[in-house]
Number of protein chains: 2
Amino acid sequence: MNNKNAVERIEYELTTFIRRAVYIDNSENKIGNLERASYLILRQLEEFGPARVKELAASFKLDISTLSRQTGTLEGKGLIERSSDPSDGRVSLFTITELGREKLKADKKMRLARYQNMLETWSSKEKELFGELLERMNEAFFD
Amino acid sequence: MNNKNAVERIEYELTTFIRRAVYIDNSENKIGNLERASYLILRQLEEFGPARVKELAASFKLDISTLSRQTGTLEGKGLIERSSDPSDGRVSLFTITELGREKLKADKKMRLARYQNMLETWSSKEKELFGELLERMNEAFFD
DNA sequence: TTATATATTTGTATTATACAAGCATATAGC
DNA sequence: GCTATATGCTTGTATAATACAAATATATAA
């Protein structure tokens with residue numbers, strides 16, 4: 001297979017995958033799970049610690065107003081907590097709460113189960129390699 | 001790396017990738033390109049031939065009414081063409097037009113260029129393997 | 001020939017989003 | 001120190017994609 005065909009296949013499969021994954025996300029958040037946006041916010045706060053609205057917006061490449069609303073919703077659900085930055089009164093810093101951690105953990109568990117299931121026939125070696133390639137692809141994903 | 005960690009990495013990277021890819025799609029369809037939905041519809045019609053609304057909806061797991069509108073829009077733009085099924089007057093069959101093929105080709109070219117760019121440092125072997133793994137993942141992606 | 005089922009379209013509500021306006025706070029120029 | 005400007009966030013408003021429900025046209029079955 002030449003280079004063009006390999007890249008074509010990658011593009012084809014990733015496009016297909018995105019459509020399916022978005023569908024799954026949308027149907028699952030109706031049965032009580034976190035939607036994509038919330039999952040990403042909680043994941044980021046847990047991984048990198050407190051963040052302000054602007055940072056989150058930049059991280060997900062969404063408008064600040066969108067993140068302002070999303071953080072407001074998560075705050076309302078008690079999944080994240082707002083505090084003010086002592087050095088700048090305009091800023092809201094958000095931290096994941098204990099409840100948020102629990103919800104994130106449960107949600108992640110479900111997501112992992114889906115992938116475990118999908119990839120159950122793969123060898124460990126294949127899974128490792130796939131993860132590694134995905135990570136490299138994302139590292140190169142600038143715009 | 002044990003199995004759980006490998007799958008965790010896969011889930012993490014794919015979730016990240018989806019967010020970025022959705023962003024790219026949304027920003028690019030504002031500068032005159034096809035949005036995801038149209039791209040998928042054209043791609044399917046070109047690959048598998050004429051299809052009816054119901055089939056397209058099932059294929060993308062979207063509501064029939066959504067596809068009815070999307071096909072209407074594409075028809076209005078001259079990218080697909082409606083014909084009636086001689087054996088069933090209720091059915092609309094859609095076929096990609098020449099203009100649709102051109103638009104699809106141009107759009108695909110752009111998408112491929114992005115991936116070519118992202119993966120330019122990869123060896124042919126890696127690209128082939130990555131495409132193969134993605135394909136296998138999608139084959140196992142049931143719901 | 002009428003009742004029921006199916007394919008599609010159209011009406012309506014919801015949701016995620018962006019952009020613009022407004023408000024509070026911070027920083028810079030004088 | 002005081003006013004002008006910049007920044008961070010929230011809130012108002014518009015748009016677009018979507019689902020669900022109602023309506024319409026056609027097909028199939030009783």
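**Chat about a predicted protein–DNA model**

Guide: To kick off, Glu126(B) makes a salt bridge with Arg136(A), and their closest N and O atoms are 2.9 Å apart. Here a salt bridge is a side-chain nitrogen of Lys or Arg within 4 Å of a carboxyl oxygen of Asp or Glu.

Visitor: Where do Glu126(B) and Arg136(A) lie?

Guide: Glu126(B) is in helix 6 (residues 124-139) of chain B and Arg136(A) is in helix 6 (residues 124-139) of chain A, so the pair joins two chains. Helices (H or I, at least four residues) and strands (E, at least two) are DSSP runs, numbered from the N terminus.

Visitor: How many salt bridges over all chains?

Guide: The structure holds 18.

Visitor: Before I go on, what should I know about the model and the numbering?

Guide: It's a predicted model, where local features need pLDDT of at least 70, side-chain atom pairs count only at pLDDT 80 or more, and totals for chains, interfaces and linings use all residues. Residues are numbered from 1 along each chain as its sequence is written, chains are lettered from A and ligands numbered from 1 in the order in which they are written, and side-chain values use heavy atoms, with hydrogens and water left out.

Visitor: OK, what rotation superposes chain A on chain B?

Guide: One of 180°, with 0.0 Å of shift along its axis and an RMSD of 0.0 Å. The two copies are thus related as by a two-fold rotation axis. The fit is by least squares on the C-alpha atoms of residues with pLDDT of at least 70 in both.

Visitor: Which residue of chain A comes closest to the rotation axis?

Guide: Ile18(A), with its C-alpha at 3.1 Å.

Visitor: Switching to DNA. Which residues come nearest to strand C?

Guide: Of the 20 residues around DNA strand C, those are Asp63(A), Gln70(A), Ser68(B), Arg82(B) and Arg90(B). Being near means having a heavy atom within 4 Å of the strand.

Visitor: What does Ser68(B) lie 2.6 Å from?

Guide: A polar side-chain atom of Ser68(B) is that far from a phosphate oxygen of DNA strand C. Ser92(B) has a backbone N or O atom 3.3 Å from a phosphate oxygen of DNA strand C.

Visitor: And which side chain is 2.6 Å from a base nitrogen?

Guide: That of Ser65(A), through an N or O atom.

Visitor: How do the residues of that surface divide?

Guide: Four nonpolar, seven polar and nine charged. Ala, Val, Leu, Ile, Met, Phe, Trp, Tyr, Cys and Pro count as nonpolar, Asp, Glu, Lys and Arg as charged, and the others, Gly among them, as polar.

Terms used
A polar contact is a pair of N or O atoms within 3.5 Å; within protein, one must be able to donate a hydrogen and the other to accept it, and residues adjacent in sequence count only if both atoms are side-chain atoms.
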